[in-house]
Amino acid sequence: MPELPEVETIVCELCPLTVGRGITDIEVLWPGSIAGATPEEFAARLVGRTIDGLTRRAKFLLFHLTGGDVLLVHLRMTGRLVLRSRGAAEERFAKVIIGLEGDEELRFTDIRKFGRLQLATAEEVVDLLGSLGPEPLAEEFGVAELKRALGKRKAPLKSLLLNQTLLAGVGNIYADEALFLAGLNPQRRPRSLSEVEWQGLHAGIRRALQAGIEDRGTTFSDFRDGRGRPGNHQDSLSVYRRTGQACPRCGGTIARTVISGRGTHFCPSCQV
DNA sequence: TTCGTCCTGGTA
DNA sequence: TACCAGGACGAA
């Protein structure tokens, strides 16, 4: 499932490959993947535009187009955005094909059909992304900003880390890994944290995300980068999907529970 | 704040 | 053959 590190990996990969190129044609194979417009409107507004820039906000990819419009892409669970040459064998589960100048195309594929593409004006983007919390890897995101985001909430830390309106980009994998690095039990509540624990949580979130980016993302089955390659971080995870295995820090046994309906992995011995 | 919903391939 | 995985959103 693409979270901040996976989306960042795709953006870094696709940026030099797509920026400056014009969109020549659009093929919508599954209209449900397009939000806020019919496939015809979507295609009509995109064809002829040039990609001026590609950035990330939370788990969104933002293709900035000539004229100011933005193509927002959210991969949700199983979405992929891969650059292929036009002649390459067609992907199974392809939903939208964005043809580019120069005999290549961006293929959006999505097994579970949760992912969405949406074309928005600059004003609409502000509205669509306005409720997102701060970027945890931003330079200005310090311990004080983390406390401001989560401090007054009463829910378990695990639930809060997944809430995109509080903190942008963390999903189930990196929430579990961040709490492990911080040595905090996922059920802990913000008001119980000491100053040292806040610092540990801040560092844990950033280290977990940074490690994921350095390994070009986590692939269990679905994630692929902008060229269709899997990531490497699944081999370096400490707790996520390691139920029953030994804790890399204390040797205890990794446990699994459910918090807010999400599988949650942690070491009961050293995450207190 | 929690839960159901959307989805379907993979697994028990 | 039934169930599980979970990001985000709307409803309760």
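1. Which side chain has an N or O atom 2.6 Å from a phosphate oxygen of DNA strand B? The residue is Lys113, and the pair qualifies as a polar contact, meaning two N or O atoms within 3.5 Å; within protein, one must be able to donate a hydrogen and the other to accept it, and residues adjacent in sequence count only if both atoms are side-chain atoms.

2. Some notes on the basis come before the rest. The model is predicted, with local features needing pLDDT of at least 70 and side-chain atom pairs counting only at pLDDT 80 or more, while totals for chains, interfaces and linings use all residues. Residues are numbered from 1 along each chain as its sequence is written, chains are lettered from A and ligands numbered from 1 in the order in which they are written, and side-chain values use heavy atoms, with hydrogens and water left out.

3. The residues around DNA strand B are Phe93, Ile111, Arg112, Lys113, Phe114, Arg153, Lys154 and Ala155, where a residue is near a strand or molecule if one of its heavy atoms lies within 4 Å of it. By class, this surface has 4 nonpolar, no polar and 4 charged residues; Ala, Val, Leu, Ile, Met, Phe, Trp, Tyr, Cys and Pro count as nonpolar, Asp, Glu, Lys and Arg as charged, and the others, Gly among them, as polar.

4. Both backbone and bases of DNA strand B are involved, since of its atoms within 4 Å of the protein 60% belong to sugar or phosphate and the rest to bases. A polar side-chain atom of Arg112 lies 2.5 Å from a base oxygen of the strand, whereas the side chain of Arg153 has an N or O atom 2.9 Å from a phosphate oxygen.

5. Around DNA strand C there are 13 residues, of which His74, Arg112, Phe114, Arg256 and Arg262 come nearest. Sugar and phosphate make up 54% of the atoms of DNA strand C that come within 4 Å of the protein, and the surface near this strand has 4 nonpolar, 4 polar and 5 charged residues.

6. Phosphate oxygens of DNA strand C also have polar side-chain partners. An N or O atom of the Asn172 side chain is 2.8 Å from one such oxygen, a polar side-chain atom of Lys59 lies 3.0 Å from a phosphate oxygen, and for Gln164 the separation is 3.4 Å.

7. Turning to the helices (DSSP runs of H or I with at least four residues, numbered from the N terminus), H6 (residues 172-182) and H7 (residues 195-214) pack at about 130° with their axes 7 Å apart. Axes are lines fitted to C-alpha atoms over the stretch in contact, and angles run from 0 to 180 degrees between N-to-C directions. H6 and H7 are therefore oblique to each other, given that angles under 35 degrees count as roughly parallel, over 145 as roughly antiparallel, 65 to 115 as roughly perpendicular and the rest as oblique. The contact of H6 with H7 has 9 nonpolar, 3 polar and 2 charged residues.

8. H7 also packs with helix H4 (residues 143-150), at an angle of about 100° and with the axes 9 Å apart, so H4 and H7 are roughly perpendicular to each other. Val143, Leu146, Lys147 and Leu150 of H4 make the contact with Glu195, Trp198, Gln199, Leu201, His202 and Ile205 of H7, contact meaning heavy atoms within 4.5 Å.

9. Helix H1 (residues 4-18) and H7 have axes that come within 8 Å and cross at roughly 35°. Here Leu4, Pro5, Glu8 and Thr9 in H1 meet Leu209, Gly212 and Ile213 in H7.

Note on methods:
Helix = DSSP H or I, 4+ residues; strand = E, 2+ residues; numbered from the N terminus.
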